[in-house]
Amino acid sequence: MSTSLSRYLVEQQRAKNHIPPELRLLLEVVARACKSISHAVNKGALGGVLGSAHSENVQGEVQKKLDIIANEVLIEANEWGGHLAAMASEEMDSIYLVPNRYPQGEYLLLFDPLDGSSNIDVNVSIGTIFSVLKKTEGSAGVSEADFLQQGSAQVAAGYCVYGPQTTLVLTVGDGVAMFTLDREQGSFVLTQEDVQIPADTQEFAINMSNMRHWAPPVKQYIEDCLAGKAGARGKDFNMRWVASMVADVHRILTRGGVFMYPWDQREPNKPGKLRLMYEANPMAWLVEQAGGAATNGQQRILDIQPTELHQRVSVFLGSKNEVQRVTALHQAS
Ligand code: P6P
């Protein structure tokens with residue numbers, strides 16, 4: 001008898017008293033929204049959903065039609081349920097308060113509705129990343145300040161990768177579980193539990209075209225990897241770069257590896273490209289829950305105290321021993 005996402009969450013709530021009913025409901029709604037997004041993504045050109053929306057998001061990036069569709073699906077699915085106080089999205093400048101016509105809840109939902117959207121039009125895996133926080137106890141109303149919590153305060157985090165399979169990957173603090181969408185039943189089915197990332201790896205993920213812009217510790221780490229068996233590492237390395245964080249992180253959760261998006265001198269005032277609140281934090285928690293590590297080169301990502309909703313961060317995550325090695329190179333520089 002296969003285990004559905006709903007049954008897994010009920011067991012997490014009942015057997016382990018791990019998640020309250022409101023959080024279980026929220027996660028089931030997010031999963032349903034991801035199913036709808038998967039359906040829209042899978043239509044591709046047949047659904048008229050490819051290409052640019054000819055608008056820009058808060059990051060100044062041109063939005064794809066599917067970026068906006070995915071954002072709207074998540075807002076509409078989650079605003080009426082009574083479990084949320086507000087939402088935040090890569091695609092929206094400010095937080096989205098649950099309209100007064102609906103009951104307010106205690107949870108805050110943050111998401112990148114469709115990460116990797118440069119891959120949409122070329123049919124390469126993309127995904128939805130989400131993070132759940134609780135509103136500050138007793139605070140009246142809700143503001144952006146309620147969202148500015150360390151990643152260690154997350155109560156749930158996950159992503160849904162829209163690839164050859166549509167797979168939802170989730171943690172509520174009790175390890176990482178993977179659920180594959182059974183399109184005939186229309187439900188997510190548990191296909192892996194207690195995901196573990198090997199502590200060592202021979203595979204790194206970074207956009208090598210930026211090498212001349214990196215800081216010395218990153219250059220040193222990658223040069224050692226490229227030197228292979230004859231070099232300091234004494235082993236050969238392979239490289240992967242999908243340019244879709246969800247796809248690269250899914251590979252690392254599945255077989256190990258190290259993912260890096262470091263600071264570079266092209267935009268020296270930006271700590272990195274990826275966003276802390278709805279990309280790095282949820283991925284960092286998932287990776288740590290699977291026995292891996294995640295730092296910004298200096299400190300644990302989950303310990304970073306946010307100051308802005310859309311702030312960016314350098315990211316080094318994956319196989320623990322590799323993350324520790326590249327982090328030690330930064331700390332020694
Ligand atoms: P580059 C996608 O746009 C994204 O935010 C991540 O999903 C991905 O890892 C990264 O940017 C790719 O960046 O500079 O290689 O295109």
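**A ligand pocket and two sheets**

Modeller: Let's begin with the ligand, which occupies the largest pocket of this predicted model.

Colleague: Thanks! Which residues surround the ligand there?

Modeller: A residue belongs to that shell if one of its heavy atoms lies within 4 Å of the ligand. The residues around the ligand are Asp115, Gly116, Asn207, Trp241, Ala243, Ser244, Met245, Phe259, Tyr261, Lys273, Leu274 and Glu279. By class, six of these are nonpolar, three polar and three charged.

Colleague: What makes the approach of Asp115 to the ligand a polar contact?

Modeller: The cut-off for a pair of N or O atoms is 3.5 Å. A side-chain N or O atom of Asp115 is 2.7 Å from an oxygen atom of the ligand, so this pair counts as a polar contact. Trp241 qualifies too, because a polar atom of its side chain lies 2.9 Å from a ligand oxygen. Met245 takes part through its backbone, with an N or O atom 2.7 Å from an oxygen of the ligand. As for cover, on its own the ligand has 400 Å² of accessible area, and the protein covers 84% of that.

Colleague: Now the sheets. In what order do the eight strands of the open sheet run?

Modeller: The order is 4-3-5-6-7-8-9-10, with mixed pairing.

Colleague: Why are strand 4 and strand 10 said to stand at the edges?

Modeller: Strand 4 (96-97) and strand 10 (187-192) each have a single partner strand, so one side of each is left without a neighbour in the sheet.

Colleague: How do you know that strand 3 and strand 5 pair?

Modeller: Pairing takes at least two bridges. Strand 3 (residues 84-89) and strand 5 (residues 107-115) are joined by five bridges and run parallel, so they count as paired. Ala88 stands opposite Leu110 of strand 5.

Colleague: And what joins strand 9 to strand 10?

Modeller: Five bridges link strand 9 (residues 177-182) to strand 10, and these two run antiparallel. Leu181 has Phe188 of strand 10 as its bridge partner. The two strands form a hairpin with four residues between them, and Gly186 in the turn has a positive phi of about 75°.

Colleague: What is the strand order in the open sheet of five strands?

Modeller: That sheet is also mixed in pairing, in the order 12-11-13-17-15. Strand 12 (238-239) and strand 15 (293-295) are its edges, because each has a single partner strand.

Colleague: What makes strand 13 and strand 17 a pair?

Modeller: Four bridges join strand 13 (residues 258-261) to strand 17 (residues 315-318), running antiparallel; at least two are needed, so the pairing holds. Phe259, one of the residues around the ligand, has Leu317 of strand 17 as its bridge partner.

Note on methods
Residues numbered from 1 in each chain as written. Predicted model: local features only at pLDDT ≥ 70, side-chain atom pairs only at ≥ 80, totals over all residues. Heavy atoms only, no water. Polar contact = N/O pair within 3.5 Å; in protein donor to acceptor, adjacent residues only side chain to side chain. Areas by Shrake-Rupley, 256 points an atom, 1.4 Å probe, with all protein chains shown as cover. 1 Å grid on protein atoms, 1.4 Å probe; cavity = no way out; pocket = protein on both sides within 12 Å on 5 of 7 lines; lining within 4 Å. Sits in = over half its atoms within 2 Å of the grid points. Nonpolar A, V, L, I, M, F, W, Y, C, P; charged D, E, K, R; others polar.
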